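This report introduces selected features of a protein structure to a reader who has not seen it before. The sequence and the structure are shown first, and the commentary follows.

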Amino acid sequence: MNLILLGAPGAGKGTLAAYLIEKMGVPSVSTGNILREAIANNTPLGAKAKQFMDAGQLVPDRLVIDLLKDRIAEDDCKNGFILDGFPRTIPQAEELDKIANIDCALSLEVPDEVIEGRMTGRRVCLKCGATYHIVANPPKQENTCDNCAEPLHIRKDDKAEVVKSRLATYHEQTEPLKEYYGKQGKVKSIDGTQGIEETKRLAEKALGL
């Protein structure tokens, strides 16, 4: 099965993808990783991508698609793959359709206010990397890491104004993909507010695993 996970930032796509990779026995294909590997290996496509990135520009969709085409042709993708971070726009989805048949777009539905609560409540320890949540998983002592007693911090991406901006971008650019794949009869939506284990169960049911 060739699968795309849809959902707003903070909806839980990363956690679900990690589970489905194990469950389905297929790789996660990340365009970010592909780009980094191509640049590190100094492939012809990697060299082209590096020119854009060094100039502070976005890598063109066409170049990303060419890199993706090479990646999904590898042996580990012959039984399917889960796309991570792509497509983000309808033009990208249209290009993707030219090189791969997407079997399902699994949409993780979580209201904005729930996502804002999840993300703005996160706290991290910069010393040991421990992660907390002021409601769901608070430290024993307020704003202090249980492991090393260091003060906890709010990551830049978890600040309220950044979260709202990322959600606005998602609704404008990426959410229309639900309609795009819906017209193809490929969208399955699940409730992502029910906790990790229930979300896994709903995903398995939706995908027939």
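## A buried threonine in helix 2

T31 has a relative accessible area of 12% and is therefore buried, the limit for that class being under 20%. The model discussed here is a predicted one. T31 belongs to helix 2, which covers residues 31-40.

Leaving aside residues up to four places away in sequence, T31 is in contact with V64, L68, D84, G85 and F86. One of these neighbours, F86, also takes part in an unusual peptide bond, described next.

## A cis peptide bond

Most peptide bonds are trans. The bond from F86 to P87, however, is cis, and its omega is near -5°. P87 is situated in the loop that runs between strand 3 (81-84) and helix 5 (90-96).

## The pairing of helix 3 and helix 4

How are helix 3 and helix 4 oriented relative to each other? Helix 3 comprises residues 44-54 and helix 4 residues 61-72; they pack at an angle of about 150°, and their axes are 10 Å apart. Because angles over 145 degrees count as roughly antiparallel, the two helices are roughly antiparallel to each other. Helix 3 passes helix 4 in a crossing that is left-handed.

On the side of helix 3, the contact is formed by L45, K48, A49 and F52, while helix 4 contributes L63, D66, L67 and D70. By character, the residues of this contact comprise 5 nonpolar and 3 charged, with no polar ones.

## Two residues with positive phi

Most residues other than glycine have a negative phi. N42 departs from this pattern: although not a glycine, N42 has a positive phi of about 55°. N42 lies in the loop between helix 2 and helix 3. Its relative accessible area is 57%, so N42 is exposed.

A149 likewise has a positive phi, near 60°, and is a residue other than glycine. The loop in which A149 is found connects strand 6 (131-133) with helix 7 (160-174). Is A149 buried or exposed? With a relative accessibility of 55%, A149 counts as exposed, since the class begins over 50%.

## The annotated lid domain

An unreviewed UniProt entry places the feature "domain: Adenylate kinase active site lid" at residues 122-157. In the model, the end C-alpha atoms of this span lie 10 Å apart. The span is 0% helix and 17% strand.

Definitions and conventions
Residues numbered from 1 in each chain as written. Predicted model: local features only at pLDDT ≥ 70, side-chain atom pairs only at ≥ 80, totals over all residues. Heavy atoms only, no water. UniProt positions renumbered as here; feature names shortened; annotations may be inferred. Axes fitted to C-alpha atoms, helices over the stretch in contact; angles between N-to-C directions. Parallel < 35°, antiparallel > 145°, perpendicular 65-115°, else oblique. Left-handed = near helix turned anticlockwise from the far one by under 90°. Contact = heavy atoms within 4.5 Å. Nonpolar A, V, L, I, M, F, W, Y, C, P; charged D, E, K, R; others polar. Buried < 20%, exposed > 50% of the residue type's maximum accessible area, 1.4 Å probe, protein only.
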